[in-house]
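Hi,

Here is the model I promised to send over. Have a look at it first, and my notes follow underneath.

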Amino acid sequence: MMSAAITTRPPTAPVPHAPAAGGTRRRSRVRTRLELALLLIPALLLFTGFVLVPIGVAAYYSLFSWNGFGPLTDFVGLDNYVDAFSGDVFQGAIGHNLIIATLSVVVQLPLSIGLALLLNRKLRGRTFLRMVVFAPYVLSEAVTAVIWLLMLQPGGFIDEILRAIGLGGLVQLWLADSSIVLYTLFVVITWKYIGFGVILLLAGLQGVPPELREAAALDGASAWQTTRHVVLPLLGPTIRIWVFLSVIGSLQLFDLVWIMTLGGPANASSTMATYLVDHGFKRYEFGFGSAVAVILFIICFVFALFYQRFALRRDTAGAMTGVR
Amino acid sequence: MARRNMVGYLAAFAVIGMTVVPLLFVILGGFRTTAQINTAPAGLPGPFVWDNYAEVATSPQFWRLLGNSALIAVIATTLAVVLGSMAAFALSRYAFKGREAFYTLFTLGLLFPLGVATLPLYLWLRQLGLLENPLGVAIPEAAFSLPVTIVILRPFMHAIPNELEDAALLDGAAKLGFFWRILLPLSRPALITVSVLAFVTSWNFYLLPLLVFSDSTNFTLPLGVAMFQSEHTQDTAKVLAFTALSMIPALTFFVLAERRMVGGLTGSVKG
């Protein structure tokens with residue numbers, strides 16, 4: 001294996017030495033520079049060109065009134081931002097994102113923890129159960145949206161089932177009633193994403209040493225006490241990561257909403273992202289759309305920074321400050 | 001103990017029901033006719049009808065969508081994993097000034113989800129002439145997969161013992177030779193994890209292709225499913241068959257990669 005490595009070395013390369021070996025030191029430093037450039041520059045170019053530049057460019061476009069064609073001449077300063085924030089529809093969209101984010105944490109987190117604890121037990125068919133719970137997560141949001149769109153049709157599958165079990169009184173216009181639509185969507189989101197939380201927490205539970213549970217049991221703790229005071233605290237890092245991912249995901253919610261309701265009826269289920277596509281893209285208000293994109297970005301960024309600072313700090317201290 | 005397990009099995013049963021029923025609704029619905037579905041939305045196929053599946057499976061549209069999705073996902077995954085592993089190698093096994101700054105720059109990318117940047121990306125791609133081009137979707141997807149690729153690979157590569165590197169260098173291998181012949185093969189578990197993540201992300205992505213492609217012959221599977229649904233609102237059975245068939249690749253992939261995904265997530269949570 002080593003000899004193969006030698007023969008593949010370009011013939012012009014200097015004779016390799018340990019970096020500290022006298023005369024070749026400078027040459028090997030140049031070589032190291034070249035290697036670093038070769039290794040890092042492609043990734044940097046890709047990352048800068050398609051992640052950083054577009055966001056920077058958006059910040060610039062957002063200062064103009066622009067239909068996406070021709071030169072940028074109509075400089076409007078921060079008017080786009082003022083317009084966005086003063087509009088009822090966008091305010092509503094932010095509110096919807098916040099409701100979904102809050103519901104996710106309040107409803108999905110306990111549900112995920114419960115399921116993870118359940119699936120961590122020695123039940124028969126546990127492996128199968130885990131796969132089943134995780135299955136919806138691998139489907140695209142588009143497929144999920146189409147499935148539920150069909151099931152939720154008036155007089156469709158869901159209504160029929162509810163009537164069959166004597167709950168016909170609960171039947172609603174799930175997607176057409178503006179006071180319900182957001183919660184209907186939340187149920188669909190939960191169906192799709194609960195598996196992710198469960199798998200994440202199951203992974204976290206594997207890190208809880210069984211000795212700790214046994215010790216707690218020996219000390220006379222009940223199953224509930226052991227879970228509450230031993231297991232949950234140890235799941236802390238996993239839970240905090242999940243909350244982070246869940247909130248960020250809720251803030252950017254798009255696919256499901258766009259396919260199921262287009263943000264309707266009457267903007268009752270619009271999110272910041274559907275508003276962005278609706279105004280920026282469909283109505284050719286690219287300057288305004290860019291402003292909305294920047295706002296969405298800043299909201300995510302500020303949340304991430306605060307969360308990082310106050311909640312994740314302990315967990316990622318090692319990961320973010322780097323390996324040594 | 002026995003009673004606790006009873007409760008467990010009951011809960012498990014409920015969970016399976018909630019998860020599986022919608023999937024069964026789609027799969028079984030594809031075997032019915034639209035008339036059957038309209039008269040009894042929650043009924044079972046009777047008699048079984050194969051026409052819907054047969055029609056979808058023999059339509060060029062379905063296979064074209066599948067091919068487009070596969071092409072884009074393969075390009076995006078390859079780009080992200082090749083460039084990401086090179087960068088992770090540089091950031092984990094070289095000591096140089098600014099290393100942590102570079103790393104932080106990439107980790108910042110974790111905060112820029114693709115959804116947020118889509119509108120500006122669209123304008124940028126238009127300027128580059130990449131609209132209606134599979135690369136216009138694959139390249140940005142790769143760029144946005146880089147951060148998570150690097151964040152997972154770097155600690156993994158760092159954990160490979162220095163003695164191996166010293167031995168290789170003493171035996172006359174170049175540093176890049178060590179990367180190619182020793183480090184990459186040893187990093188295979190992590191490489192598989194990041195590949196799966198990049199592939200699934202690309203496979204399921206909806207918003208960017210929605211903006212980049214307006215010609216439906218370029219559409220990817222998620223776009224196609226949504227389009228098929230809106231074009232065939234009167235033919236529920238066929239939409240169900242189409243949706244069911246379009247679930248197969250993701251579900252198959254998931255069954256094959258399930259263990260990897262769980263393992264990879266474990267790794268990423270532990271940083």
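A:N267 sits in the chain A loop that runs between α11 and α12. Keep in mind that this is a predicted model. I flagged A:N267 for its backbone: phi is near 65°, a positive value in a residue that isn't glycine. For context, most residues other than glycine have a negative phi, and most peptide bonds are trans. Is A:N267 buried or exposed? Neither, quite: A:N267 counts as partly exposed, because it has 19 C-beta neighbours inside 10 Å, and being called buried takes 20 or more.

That loop has something else in it. A:P265 also lies between α11 (255-260) and α12 (272-282) of chain A, and the peptide bond joining A:G264 to A:P265 is cis, with omega at about -5°.

Chain B has a cis bond for you to check too. It links B:G46 to B:P47, with omega near -5°. You'll find B:P47 in the loop between α2 (34-39) and α3 (51-57) of chain B.

Back in chain A, A:Y284 is another non-glycine residue with a positive phi, near 55°. Look for A:Y284 in the loop between α12 and α13 (286-321). With 13 C-beta neighbours inside 10 Å, A:Y284 is classed as partly exposed, so it misses the exposed class, which stops at 12.

Now for the inside. Which residues touch the most other members of the largest nonpolar core? They are A:V146, A:V292, A:L296, B:A87 and B:L146, out of 169 residues in that core. Helix α4 of chain B (residues 60-93) supplies the largest share of this core, at 15 residues.

A:V146 is a good one to click on. Setting aside neighbours within four places in sequence, A:V146 contacts A:I259 in its own chain, and from chain B it contacts B:V225, B:A226, B:Q229, B:V239 and B:T243.

One helix in chain B also got a closer look. α9 (residues 175-186) has 12 residues and spans 15 Å from its first C-alpha to its last, close to the expected 16 Å. Buried residues in α9 of chain B are B:K175, B:L176, B:G177, B:F178, B:F179 and B:L183.

Last, the annotation. An unreviewed UniProt entry lists residues 94-307 of chain A as "domain: ABC transmembrane type-1". In the model, that stretch is 75% helix and 0% strand, and its end C-alpha atoms lie 19 Å apart.

Cheers

Conventions. Residues are numbered from 1 along each chain as its sequence is written. Chains are lettered from A and ligands numbered from 1 in the order in which they are written. This is a predicted model: local features need pLDDT of at least 70, side-chain atom pairs count only at pLDDT 80 or more; totals for chains, interfaces and linings use all residues. Helices (H or I, at least four residues) and strands (E, at least two) are DSSP runs, numbered from the N terminus. A nonpolar core is a set of buried Ala, Val, Leu, Ile, Met, Phe, Trp, Tyr and Cys residues joined through C-beta atoms within 7 Å. Two residues are in contact if their C-beta atoms, placed from the backbone, lie within 7 Å. UniProt positions are given in the numbering used here, feature names are shortened, and annotations may be inferred rather than shown by experiment. The expected span of a helix is 1.5 Å times one less than its number of residues.
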